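Biologist: I'm new to reading models like this one. Could you take a close look at the charged pairs and walk me through them, slowly and in plain words?

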Amino acid sequence: MQFSANFRAVLLNTCSKYCSWIGPKLHSSSSCYSSLSGAGQTVERVVKWMGQHAPVFAVKGNEITVLHEPEQFFKSLKVDCIQEAVRQSSLAKQSLNVEILLEHTRGSRGDHNSRTMLLPLVQNFSDTVKVSLYHSPSLRGLLKLLLPERFNETVALTHLKVYLTDNTLIMSGANLSADYFTNRQDRYIEIKNCAALADYFHELVSTVRSFSLQLQPDNSTVMSKCFPLHPTQGFDHGKKFKVEVGKTMLKYLSHQKEQNSYINDVSERTDDQCDTWIVPLVQMFPFGIRQDEFITSELLRSANHSSVICLASGYFNLTRKYIDIMLKSSAKFKILTAHPTVNGFYEAKGVAGGIPHAYTLLLYDFFELILKHKLDHITVHEYACSGWTFHVKGLWYYLGNKQLPNLTLIGSPNFGHRSVYRDLEAQIALVTKNQDLSEALHEEKSRLYYKAKCVSKETFELTERKTPFWVYCVTRIIKNFL
């Protein structure tokens, strides 16, 4: 991988073992949704509506590549090149900036972890490499003291996955551990030559880093000097920290909305200028930021009888709000989730081994609602592939009677309770009129659904799908942490 003299690298990664929403409130008047609902849906209307609530970046569809396999993701990313690039830059006395943002609990798990892996870079190139670890203010006091590793990650964390080098951005749901480069199926979209979009995510990383802990050469962590509060100190249950972070994020998002507002009608632009639009969406409910929740709800709500939405979630636990929208909709919904055998916790030791059963139970609850309401516009499919695990998330939106999708959501959210109410999430809405890009998105969706089987009532009658009693009881208690 070649790096320019002013190279910048930004990595947001949560699971690597080695390695207030702006606008009207969600429960406000239904008039918020009138601009996108109805039979006359077009790409232009969707983009124009989104531009009222979030920044919009115009790009050319031929600068976007849909990657299908983990190996392609690894070859595009090439994380192992960072150390060599830093070393060469130091010798040549060139300008280089590497920022890495990790989840504190996951990045510190065990004796050999992301912190220990990255520590030599911090020790040898402290002026170039900055490693930050976000720590949730909800994990503090006795809870932090008593909860063991892995279990403490269920409280709340940063779930962002963004990979940025110079002006090339890779959006994905994947982390940076070995299985994500080999046999763990995810999604990956590479966007090249969009400096404004790269700046947006670079500044997003920097903003989250400003209220995160900073890794020191002695493997300790200290709070950023530019932020006045600590996530786990004090006796106010983290309220002051949350308020201050909310102000920081609101200021950042408001500035981005002003700088990248979409004023002109997209129908007035020519394909020579752009045929694709990227809308970044952020969700940080603990800090009052609900941008992604609002946009996602409206996309689901706006779909009419001639539209098809294919929605994937590796860990299926949709919020009640999203479920209610689907149940009342006339659009076709094709849900894709993991078969228990491709769940990352399948055959895990101890309590973790019950997690696939827990998600089977949650899926059964959803399927029972479909049967209860006698709905035929919602179908459920389970991905299964021998030797693989499934971590795909996002959706593909086929606007009225279209054979190809014009819109996709890709990033970290799973559309579940954790994504909406606990964790820090980010994804992009990609809206396009580019024929080749739409075909690539359709192929991506088709490859995934090809390896899936439709769920029926008989599925849950199979002996291996019976939920153990202890899992049933525990799931009912901890559902909102899954």
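Modeller: Sure, let's start with one pair: the side chains of Glu153 and Arg106 meet in a salt bridge, with 3.0 Å from N to O. These two come from distant parts of the chain, 47 residues apart. Glu153 sits in the loop between α6 (141-146) and β6 (162-165), while Arg106 belongs to helix α4 (residues 104-107). Both ends are tucked away: Glu153 is buried, and Arg106 is buried too. As a bit of background, side chains of opposite charge can pair when their charged atoms come close.

Keep in mind that what you're looking at is a predicted model. The mean pLDDT of the protein is 88, and 89% of its residues reach 70 or more. Confidence isn't even, though: among the elements, helix α13 (residues 435-450) has the highest mean pLDDT, 98, and strand β1 (residues 8-13) the lowest, 58. Go carefully with residues 1-7, where the pLDDT is below 50; beyond near neighbours in sequence, that stretch has 19 contacts in the model. Residues 14-35 also have a pLDDT below 50, with 59 contacts in the model beyond near neighbours in sequence.

Back to the charges. The count of salt bridges comes to 14. Another of them joins Arg290 and Glu293, whose side chains meet at 2.8 Å, N to O. Here the two ends don't share a setting. Arg290 has 21% relative accessibility, so it counts as partly exposed. Glu293 has 1%, so it counts as buried.

Next, try Asp365 and Arg476, which form a salt bridge at 2.6 Å, N to O. This pair also ties together distant parts of the chain: Asp365 is in helix α11 and Arg476 in helix α14 (residues 469-478), 111 residues apart. Asp365 counts as partly exposed because its relative accessibility is 24%. Arg476, at 38%, counts as partly exposed as well. And pairs can be chained up: salt bridges that share partners join Glu69, Glu443 and Arg447 into one network.

Now for a charged residue without a partner. Lys257, in helix α8 (residues 239-259), is buried yet has no salt bridge. The nearest side chain of opposite charge is Glu258, and that is 8.7 Å away. A salt bridge needs a nitrogen within 4 Å of a carboxyl oxygen. So what does Lys257 touch? Leaving aside neighbours within four places in sequence, Lys257 is in contact with Gly51, Gln52, His53, Ala54 and Pro55.

Have a look at helix α1 (residues 43-50) too. Six of its eight residues are buried, so α1 is largely enclosed by the rest of the structure. The buried ones are Val43, Glu44, Val46, Val47, Trp49 and Met50, and they pack against β12 (276-284), α9 (291-302), β19 (407-411) and β20 (425-432).

To finish, zoom out. The protein has 14 helices and 21 strands, and buried residues make up 56% of its 482 residues. Its accessible surface comes to about 20,800 Å², with 52% of that belonging to carbon and sulfur atoms. One spot on the surface is a nonpolar patch formed by Phe151, Val351, Trp470, Val474, Ile477, Ile478 and Phe481, with about 640 Å² of accessible area together. Val351, one of that group, is found in the loop between β15 (332-338) and α11 (355-372).

Technical notes:
Residues are numbered from 1 along each chain as its sequence is written. This is a predicted model: local features need pLDDT of at least 70, side-chain atom pairs count only at pLDDT 80 or more; totals for chains, interfaces and linings use all residues. Side-chain values use heavy atoms; hydrogens and water are left out. pLDDT is the predictor's confidence in each residue, from 0 to 100. Helices (H or I, at least four residues) and strands (E, at least two) are DSSP runs, numbered from the N terminus. Contact means heavy atoms within 4.5 Å. Buried means under 20% relative accessible area, exposed over 50%, partly exposed in between (1.4 Å probe, protein chains only). Lys and Arg count as positive and Asp and Glu as negative; His and the chain ends are not counted. Patches are made of residues with over 30% relative accessible area and no salt bridge: like charges are joined within 9 Å, nonpolar side chains (Val, Leu, Ile, Met, Phe, Trp, Tyr) within 5 Å. Accessible areas come from the Shrake-Rupley method with a 1.4 Å probe; for residues, only the protein chains shown count as cover.
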